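Colleague: I would like a close look at a single part of this model. Please keep it brisk.

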Amino acid sequence: MTNHYLLCPVCQLSLVSVGKHWSCPAGHQFDEARQGYLNLLLPQQKKSKQPGDNAEMIQARQTFLNAGYYQPVSDTLNQLAVEHLFNLPNPHVLDLGCGEGYYTERLQLALQDHQIASEIYGLDISKPAILAACKRTKNIHWLVGTNAHPPVSPGNSQLIVSIFTRIMEAQLRALIAEDGYLVTVNAGSHHLCELKEIIYPAARYEEFDVKARLEGYFEHQHRTTLDYPICVQGEALKALLDMTPHTWRANAETKARLYALEQLSLRVHMHVDWFKPC
Ligand SMILES: C[S@@+](CC[C@H](N)C(=O)[O-])C[C@H]1O[C@@H](n2cnc3c(N)ncnc32)[C@H](O)[C@@H]1O
Ligand SMILES: [Zn+2]
């Protein structure tokens with residue numbers, strides 16, 4: 001079967017599958033792993049032996065996300081995705097840097113609930129992330145690959161999702177369909193500010209300007225800012241500390257103090273932004 005969506009990462013020709021075996025007309029071959037993912041990351045695209053988040057970080061993120069503290073973010077994304085994809089025939093959805101697949105799986109379930117037939121792809125450079133994602137669901141095409149050279153045909157994604165991942169504007173612009181949408185999720189200036197205040201003597205409240213980053217490539221359509229309190233407890237708190245770069249920068253004494261806490265009240269502050277190509 002020819003899949004006009006996936007491209008050979010070596011020569012960029014369309015990949016064709018016979019069962020779990022994929023190849024391109026130039027003879028490059030890729031086999032689906034028994035867990036169900038396709039590895040389209042070339043050795044020369046790796047900057048380290050095990051690129052992306054490691055198994056511990058993935059486990060921590062999964063424990064934290066499964067506890068539901070960021071569910072309003074996922075719900076916001078899903079609601080807008082349903083509105084945008086409703087009338088499109090079999091849209092391609094691509095979650096770039098999908099991690100262990102929390103948002104991707106919930107998006108797939110939301111589209112299914114609304115009877116929106118779609119092909120959903122989740123791509124991450126981290127093999128442990130994609131292995132964890134495969135355990136979530138087989139209803140998504142899980143890919144190991146890099147956002148820097150996505151093995152996906154240009155102009156063929158009706159929805160691209162980028163949640164807490166580095167924005168590569170030229171690649172995103174090349175991938176998006178003319179009638180497609182890009183949705184990004186990024187931290188607002190006060191996201192987890194209580195944690196920052198514990199860790200840094202002079203905490204800074206800055207935020208990444210995604211609109212400026214995408215200027216000239218995408219036109220901003222809509223922003224939903226989520227700003228709500230959470231009280232994180234138990235193993236979810238340990239997981240949050242483990243997955244947060246702020247914690248890694250803390251000194252030993254502060255780390256010990258944080259890990260001894262039974263609960264921590266925090267502010268969630270995130271922006272969900274929608275863009276159209278320009
Ligand atoms: C902060 S995590 C976000 C994961 C997921 N979107 C979420 O919000 O749960 C960033 C993810 O990007 C992945 N990543 C880093 N560099 C990448 C690259 N060049 N291509 C694809 N994924 C990459 C990491 O492995 C990690 O899973
Ligand atoms: Zn090829």
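Which elements make a right-handed β-α-β unit with strand 8? Please build the answer around that strand.

Modeller: This is a predicted model. Strand 7, helix 4 and strand 8 make the right-handed β-α-β unit. Helix 4 covers residues 127-136, and strand 8 covers residues 141-144.

Start with the pairing. Strand 7 (residues 119-124) runs parallel to strand 8, and four bridges join the two. One bridge sets aspartate 124 against valine 144. Strand 5 (residues 38-39) also pairs with strand 8, again in the parallel sense, over two bridges. There, asparagine 39 has valine 144 as its bridge partner. Valine 144 is thus named in both pairings: as partner of aspartate 124 and as partner of asparagine 39. Leucine 38 stands opposite leucine 143.

Now the wider sheet. It is open and has eight strands, in the order 5-8-7-6-9-10-12-11. Its pairing is mixed. Strand 5 and strand 11 (218-233) are the edge strands, each pairing on one side only. Helix 4 packs on this sheet and touches strand 7 and strand 8. The direction of helix 4 makes about 165° with that of strand 8.

Next, the side chains of strand 8. Both faces of the strand are covered. His141 and Leu143 lie on one side, Trp142 and Val144 on the other, and all four are buried.

Finally, the ligand. Ligand 1 has 18 residues around it; Gly52, Gly97, Gly99, Ser126 and Asn147 come nearest. By class, that shell holds eight nonpolar, seven polar and three charged residues.

Notes
Residues are numbered from 1 along each chain as its sequence is written. Chains are lettered from A and ligands numbered from 1 in the order in which they are written. This is a predicted model: local features need pLDDT of at least 70, side-chain atom pairs count only at pLDDT 80 or more; totals for chains, interfaces and linings use all residues. A residue is near a molecule or strand if its C-beta atom, placed from the backbone, lies within 6 Å of it. Ala, Val, Leu, Ile, Met, Phe, Trp, Tyr, Cys and Pro count as nonpolar, Asp, Glu, Lys and Arg as charged, and the others, Gly among them, as polar. A residue is buried if 20 or more other C-beta atoms lie within 10 Å of its own, exposed if 12 or fewer, and partly exposed in between; C-beta atoms are placed from the backbone. Two strands pair if DSSP finds at least two bridges between them. A crossover is right-handed if, with the strands pointing away from the viewer, the path from the first strand over the helix to the second runs clockwise. Two residues are in contact if their C-beta atoms, placed from the backbone, lie within 7 Å. Axes are lines fitted to C-alpha atoms, for helices over the stretch in contact, and angles run from 0 to 180 degrees between N-to-C directions.
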